[in-house]
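Which residues line the second largest pocket? The report below takes up this question and then turns to strands and helices.

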Amino acid sequence: MKEILTRSFTGLLYISLLMVSLLNQHALIILFYVFGLICLAEFKKLIGYKSIIPFIIFTVLYIVFGYWQFFMNSNNGLDEATRILQVITIFVQLFLIKDLFTEKTIPLFISKRFIITTFYLSSSFVFLILIANPKHTFEPLVLLGSFILVWTNDTFAFLVGKNFGKQKLFSKISPKKTVEGFLGGLFFACVASYFIATFTKTLNFNHWLILAIIISVFGTLGDLIESKFKRQANVKDSGIIMPGHGGLLDRLDSIIFASPFIYLFLQII
């Protein structure tokens with residue numbers, strides 16, 4: 001009972017902070033900057049990377065590509081630079097997906113630690129915040145809808161997997177994940193996309209449906225990749241900042257990994 005209350009309280013606090021921050025651009029920028037620093041600290045600990053350079057790089061990327069895009073609305077080469085950053089980020093993430101399926105352990109030599117802290121985590125946080133500003137216009141409901149799709153996918157993947165799951169999805173990395181759970185999460189995320197389109201009046205249903213598929217697929221891959229890092233580090237959670245839930249990275253790993261793909265789709269449409 002105590003554990004349930006603890007999980008409920010910390011989960012409610014996390015959601016409340018997110019909801020309140022969506023009311024104001026400055027609050028959103030500040031909250032996600034703090035979230036990014038915490039996740040970066042947790043991830044650095046997972047991969048045994050002690051340098052402070054990733055914090056400096058994250059701050060620079062966040063200010064230049066996040067803050068500047070939000071408040072300056074300037075196209076002076078920044079859009080082109082953002083696209084280059086996006087290409088590099090997606091390229092690095094595709095390599096992590098490859099490592100997930102082909103490598104027993106993800107190689108963590110010094111240069112790779114630098115690359116993945118920069119282009120797996122730091123730059124992905126930039127695109128996470130830019131989801132709320134896809135066309136140089138503040139659209140917090142687009143970001144909120146993306147989070148709702150992640151929560152829906154995760155919740156129903158767990159419920160369906162627990163009650164009906166038989167075929168393991170990736171038993172060596174995450175024994176509890178099942179194919180049935182993944183399909184259940186995907187299905188209910190697609191259902192949720194209809195209600196998000198109806199009540200937010202942001203994107204149309206077809207666009208939200210495609211986003212549901214993107215988030216379910218790449219969110220699941222992001223969760224598996226973080227699970228592999230945790231297994232290599234021989235830890236259960238990325239941190240202890242959220243009692244009952246683990247680390248903040250544990251809560252955000254799915255949408256962090258999916259963020260550059262979400263932002264790419266928003267740019268296309």
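The second largest pocket is lined by Leu100, Phe101, Thr102, Glu103, Lys104, Thr105, Phe170, Lys172, Ile173, Lys228, Arg231 and Gln232. Here a pocket is an open set of points, on a 1 Å grid over the protein atoms alone, where a 1.4 Å probe fits, with protein on both sides within 12 Å along at least five of seven lines, and lining residues have an atom within 4 Å of a point. The model is predicted, with local features needing pLDDT of at least 70 and side-chain atom pairs counting only at pLDDT 80 or more, while totals for chains, interfaces and linings use all residues. Residues are numbered from 1 along each chain as its sequence is written, and side-chain values use heavy atoms, leaving out hydrogens and water.

The space in this pocket is about 220 Å³, a volume being the space filled by probe spheres set on the grid points, which are joined across faces, edges and corners. At least two lining residues come from each of helix H4 (78-102) and helix H8 (205-233), where helices (H or I, at least four residues) and strands (E, at least two) are DSSP runs numbered from the N terminus. The lining divides by residue class as follows.

| Class in the lining | Residues |
|---|---|
| nonpolar (Ala, Val, Leu, Ile, Met, Phe, Trp, Tyr, Cys, Pro) | 4 |
| polar (the others, Gly among them) | 3 |
| charged (Asp, Glu, Lys, Arg) | 5 |

Strand E1 (residues 168-170) pairs with strand E2 (residues 174-178) in the antiparallel sense over 2 bridges, pairing requiring at least two bridges found by DSSP. Lys168 stands opposite Thr178 in E2, and a hairpin of 3 residues joins E1 to E2.
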